[in-house]
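Reader: I am new to this structure and would be grateful for a close look at a single part of it. Please begin with one pair of side chains and then place that pair in its surroundings.

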Amino acid sequence: PRFVFVDDAVSGAEWKDRPGWNALLAALEPKPPFGVLVVSELSRIGRDTVRTPAAVLQLEEAGVEVRSYLSDAPITMADESGEIHTIFNSLAASFERRRARQRTYDALRRRAEAGAATGRRIFGYQHVRNGDGYVHRVIDEGEAAAVRRAFALYADEGASLAGVARALAALGVAPPPQSPAWSGGAV
């Protein structure tokens, strides 16, 4: 288990803030305690046309063989065929990352243009489907009253965020769904 490296919910385009990847690299020095790295496919190492082949080379230079279990094949820079395959697949993963980003941006833009919600529920609003296929924000009057009270406490009465939180809790206002209790951060 200590040699299972995971970066859940981290883009393959990210190279610095990947705890699992960084732990894998740290395990290579001074001598890796394993001889094979098994990944589902090359894009799990990264989705960058330049950095991914360099990462494969770094692993191989440390004495670690990289294998894909989906293709049951090595991922290598050790020979011309492997190098071409690795570079081509890195380019394809990089293209797919960009296309996915464009598709996401386009979908969110279309939702916003339709007046629909593009993110999680915001305190003071409910998400409601109105038949157009999108989720729209509708004012939740109970929560909206708490929002107006919070603004009045902060802007008009000079309360701190922590003071607003204490006041809302004292009034028995339920905190936002993603917060267990009222706090300055929740405000």
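Author: The side chains of S43 and E41 are joined by a polar contact of 3.0 Å. The model is a predicted one, and the distance is computed from its atoms. S43 belongs to the loop between β1 and α2. Its relative accessibility is 10%, so S43 counts as buried, the limit being under 20%.

The elements on either side of this loop lead to the interior. β1 (36-39) and α2 (51-61), together with α1 (19-27), each supply at least two residues of the largest nonpolar core, which has 17 residues. Within this core, W21, I45 and L59 touch the most other members. Leaving aside residues up to four places away in sequence, W21 touches D7, W15, I45, A55 and L59. Two of the partners of W21, I45 and L59, are thus themselves named among the residues with the most contacts to other core members. Apart from this core lies another, of 9 residues, which include F123, L168, W182 and A186.

D7, which W21 touches, also takes part in a salt bridge. Its partner is R18, and the closest N and O atoms are 3.3 Å apart. Both residues lie in the segment before α1, so the pair ties together parts that are 11 residues apart in sequence. R18 has a relative accessibility of 4% and therefore counts as buried.

The structure holds 11 salt bridges, and others can be set beside that of D7 and R18. In helix α3 (residues 80-113), the side chains of E113 and R109 meet in a salt bridge of 3.1 Å, N to O. These two residues are 4 residues apart in the helix, so about one helical turn separates them. An α-helix has 3.6 residues a turn, so residues three or four places apart point the same way. E113 counts as exposed at 58% relative accessibility, while R109 is partly exposed, with a relative accessible area of 33%. The pair also belongs to a network of salt bridges that links D106, R109, R110 and E113.

A further salt bridge is formed by R121 and E143, with the closest N and O atoms 3.0 Å apart. This pair links distant parts of the chain: R121 lies in the loop between α3 and β4 (125-129), E143 lies in helix α4, and 22 residues separate them in sequence. E143 counts as buried, at 15% relative accessibility.

Helix α4 (141-156) is also part of what covers the buried residues of α5. In α5 (residues 161-170), those buried residues are G163, V164, A165 and L168. L168 is one of the members of the core of 9 residues. Just after α5, G172 takes a positive phi of about 80 degrees.

To return to β1, the surface offers a contrast with the buried S43. V36 and V38, together with Y69 and L70, form a nonpolar patch on the surface, with about 420 Å² of accessible area together. Y69 lies in the loop between β2 (65-68) and β3 (73-75). With a relative accessible area of 55%, Y69 is exposed.

Conventions: Residues numbered from 1 in each chain as written. Predicted model: local features only at pLDDT ≥ 70, side-chain atom pairs only at ≥ 80, totals over all residues. Heavy atoms only, no water. Patch = residues over 30% accessible without salt bridge, like charges linked within 9 Å, V, L, I, M, F, W, Y side chains within 5 Å. Areas by Shrake-Rupley, 256 points an atom, 1.4 Å probe, with all protein chains shown as cover. Salt bridge = Lys/Arg side-chain N within 4 Å of Asp/Glu carboxyl O. Buried < 20%, exposed > 50% of the residue type's maximum accessible area, 1.4 Å probe, protein only. Core = buried A, V, L, I, M, F, W, Y, C linked by side-chain atoms within 4.5 Å. Contact = heavy atoms within 4.5 Å. Polar contact = N/O pair within 3.5 Å; in protein donor to acceptor, adjacent residues only side chain to side chain.
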